[in-house]
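Me: I have just opened this one and have not looked at it before. Could you walk me through it, starting with a single residue and then moving outwards?
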Amino acid sequence: MDTGDWRTQLPHDSREKLVDKIMETLKKHLPYSGPEGLNEHRRIAARFEEKIFSGAVNQTDYLRKISIKMLTMQHKSETAAGPASTSSTIPANSQGTGNDNSSVSVIPKAEPGENTGDWRTDLPPDPPAQ
């Protein structure tokens, strides 16, 4: 199977929704000021999504890399704010930082229809393997 196939099968609106979710995460964890700051967050989110989309080997890799980055950002924000809540953690060494002692928060599993604030639940399921 051609490695580019998964990109053509991913609907453009799914990518736009993902950029919107990245934007939400940026707004929560990075300060911004006025419409200019919001536009800058939009550009950052779009560039980040495009970079991951271009470099991913498949849809799972694409979603995993974005998830890790968003969870890392959330964890850094929580760490800067003080002691973390009682959420579960997983090792973050899978993102290739070389820091095997770091960890990221795990968002609890929920039914896809529930509004949990977890942007991953809005994504379409992986296409069936061929």
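Me: Which element does Asn39 sit in?
Reply: Asn39 has its place in helix 3, and please keep in mind throughout that this is a predicted model.

Me: Is Asn39 buried, exposed or partly exposed?
Reply: Asn39 counts as partly exposed, because its relative accessible area is 45%, and that value falls between the cut-offs of 20% for buried and 50% for exposed.

Me: What separates the C-alpha atoms of Asn39 and Met23?
Reply: Those two C-alpha atoms are separated by 9.8 Å, while along the chain Asn39 and Met23 are 16 residues apart.

Me: Let's zoom out. How many helices and strands are there in the chain?
Reply: The chain has 4 helices and 2 strands, and read from the N terminus their order is α-α-α-α-β-β.

Me: At what angle do helix 2 and helix 3 pack?
Reply: Helix 2, covering residues 12-29, packs against helix 3, covering residues 34-55, at an angle of about 125°, and their axes lie 9 Å apart. That angle makes helix 2 oblique to helix 3, and the crossing of the two is right-handed.

Me: Which residues meet there?
Reply: On the helix 2 side they include Val19, Ile22, Met23 and Leu26, and these belong to a contact with helix 3 residues among which are Leu38, Ile44, Phe48 and Phe53. Sorted by class, the contact of helix 2 with helix 3 holds 10 nonpolar, 1 polar and 7 charged residues.

Me: And how do the axes of helix 2 and helix 4 cross?
Reply: The axes of helix 2 and helix 4, the latter being residues 59-81, cross at roughly 15° and come within 10 Å. The two helices are therefore roughly parallel to each other, since angles under 35 degrees count that way, and helix 2 passes helix 4 in a left-handed crossing.

Me: Which residues make that contact?
Reply: Helix 2 contributes Arg15, Leu18, Ile22, Thr25, Leu26 and His29, whereas helix 4 brings Tyr62, Leu63, Ile66, Met70, Met73, Gln74 and Ser77. By class, the contact of helix 2 with helix 4 comes to 8 nonpolar, 4 polar and 1 charged residues.

Me: Changing topic, what share of the chain counts as buried?
Reply: Of its 130 residues, 28% count as buried, and the surface that the chain exposes is about 8,500 Å², with carbon and sulfur atoms supplying 54% of it.

Me: One last thing, what share of the contacts join residues at least 24 apart?
Reply: If one takes the contacts between residues at least 6 apart in sequence, 57% of them join residues at least 24 apart.

Notes. Residues numbered from 1 in each chain as written. Predicted model: local features only at pLDDT ≥ 70, side-chain atom pairs only at ≥ 80, totals over all residues. Heavy atoms only, no water. Axes fitted to C-alpha atoms, helices over the stretch in contact; angles between N-to-C directions. Parallel < 35°, antiparallel > 145°, perpendicular 65-115°, else oblique. Left-handed = near helix turned anticlockwise from the far one by under 90°. Contact = heavy atoms within 4.5 Å. Nonpolar A, V, L, I, M, F, W, Y, C, P; charged D, E, K, R; others polar. Buried < 20%, exposed > 50% of the residue type's maximum accessible area, 1.4 Å probe, protein only. Areas by Shrake-Rupley, 256 points an atom, 1.4 Å probe, with all protein chains shown as cover.
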